[in-house]
Amino acid sequence: MARVLVTRRLTPGGTDPLLDAGHEIVAPNDDDDVPLTADALVEGAAACDGMVCLLTDRIDAVVLQAGHHGRLRVVGNAAVGYDNIDVATAHSLGIAVCNTPGVLDATTADLAFLLILAAARNISAAENDLRHGRWAGWGFTTHLAHDVHGATLGLVGYGRIAQAVARRAAGFDMEVLHTTRTPTGLPGYVEELGELLNRSDIVSLHVPLTESTHHLIGAAELALMKPTAVLVNTARGPVIDENALVDALEAGTLHGAGLDVFEGEPSINPRLLGAPRITLLPHIGSATVATRTRMARLACQGVCDVLAWRTPPNLI
Ligand code: GLV
């Protein structure tokens, strides 16, 4: 039996793999559902064999060193993105890291599509007008926006989630383009990001956050997009330069945007809150009961596998 730190509350049944394997769960913040402090993470890492963490936990070299000086062998991130973990340091210390690929694709693609529709049809502004007494009645030329059906969708990144978005786009008769670092050889592949931005009516981002994708979409890239186009981000906030995005929306050189992720989340750039034609969601891409439970179980199962000297399929 091992000791596993679960940094934050998971959905009911999420920790079943740990319980089934007979491990002791240490969950100091289960009642409050707030992230552990940096000190508490260090303390927990030093005292446990495994850790199940969330994207709100910064698992940096300090935490990992503390774990290494203790008996930490594995960190399971209950998220597919793992930019919150210093994976290179973990590996150098012999600490395994796993994540949750494959179980949240459809749910996240659903949300990306929701933002595609919301951004193209300018849903948030329309609803706000109604809620705030600004709707004077049906008007032939009010709340005009742009069609999603028949539009060209440009996917930046073409992993599982992007491909799930592409499948949904087929039902909307969209032309689907994609760009990736390495050619996919698949229909719709476009080599240059600039060409994809230039040709697309809707651009949806599906790349992990790395040094090379930080501010991948900045002023220069936004300037390549059509003034009628929209930009959707369900990946990671820092992939977009938010100030450049607000500049483009304010100048009317971009029709709209839909964001589920933010550069400094949970704090939101105040300029985004005041920007026109934008839908903002609180990072809920994978937030359904079924998917979050699958993610929790997969992260816990990965931890169990490593603790039992097995190689988990979700090992990074
Ligand atoms: C959510 O953003 C995830 O990476 O799973």
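## Salt bridges, domains and a pocket

Visitor: Which side chains meet in a salt bridge at 3.0 Å, N to O?

Guide: The side chains of Asp 33 and Arg 8 do, with 3.0 Å from N to O. Please keep in mind that this is a predicted model.

Visitor: Where along the chain do those two residues sit?

Guide: Asp 33 is in the loop between β2 (24-26) and α2 (38-47), and Arg 8 is in the loop between β1 (3-6) and α1 (16-20). The two are 25 residues apart, and the pair links distant parts of the chain.

Visitor: What about the phi of Asp 33?

Guide: The phi of Asp 33 is positive, about 50°, although the residue is not a glycine.

Visitor: How many salt bridges does the count come to?

Guide: The count comes to 15 salt bridges by the rule applied here. Another of them joins Arg 236 to Asp 83, where the closest N and O atoms are 2.9 Å apart.

Visitor: Changing topic, what does the domain assignment give for the protein chain?

Guide: The assignment gives domain 1, covering 3-103 + 289-307, and domain 2, covering 105-280. Eight residues from domain 1 and six residues from domain 2 take part in the contact.

Visitor: How many Å separate the domain centres?

Guide: Taken over C-alpha atoms, the centres of domain 1 and domain 2 are separated by 32 Å.

Visitor: And what area do the domains bury between them?

Guide: Domain 1 and domain 2 bury about 580 Å² between them, with 45% of that area on carbon and sulfur atoms. Such an area is a usual choice, because the size of an interface is often given as the accessible area lost when the parts come together.

Visitor: How many salt bridges does the rule find across that interface?

Guide: The rule finds one salt bridge across the interface of domain 1 and domain 2.

Visitor: On to pockets. How much space lies in the second largest one?

Guide: The second largest pocket holds about 220 Å³ of space. It is lined by 15 residues, and those closest to its centre are Ser 124, Ala 125, Asn 128, Ile 278 and Thr 279.

Visitor: Which element supplies the largest share of the lining?

Guide: That is α6, with six residues. Both α6 (123-131) and β11 (278-280) supply at least two residues each.

Visitor: How do the lining residues divide by nonpolar, polar and charged?

Guide: The lining of the second largest pocket has eight nonpolar, four polar and three charged residues.

Visitor: Lastly, where is the cis peptide bond?

Guide: A cis peptide bond joins Glu 265 and Pro 266, with omega about 10°. Pro 266 lies in the loop between β10 (256-259) and α11 (270-273).

Terms used. Residues numbered from 1 in each chain as written. Predicted model: local features only at pLDDT ≥ 70, side-chain atom pairs only at ≥ 80, totals over all residues. Heavy atoms only, no water. 1 Å grid on protein atoms, 1.4 Å probe; cavity = no way out; pocket = protein on both sides within 12 Å on 5 of 7 lines; lining within 4 Å. Points joined across faces, edges and corners; volume = space filled by probe spheres on them. Helix = DSSP H or I, 4+ residues; strand = E, 2+ residues; numbered from the N terminus. Nonpolar A, V, L, I, M, F, W, Y, C, P; charged D, E, K, R; others polar. Domains from an automatic or database assignment. Contact = heavy atoms within 4.5 Å. Buried area = accessible area lost by both parts, 1.4 Å probe. Salt bridge = Lys/Arg side-chain N within 4 Å of Asp/Glu carboxyl O.
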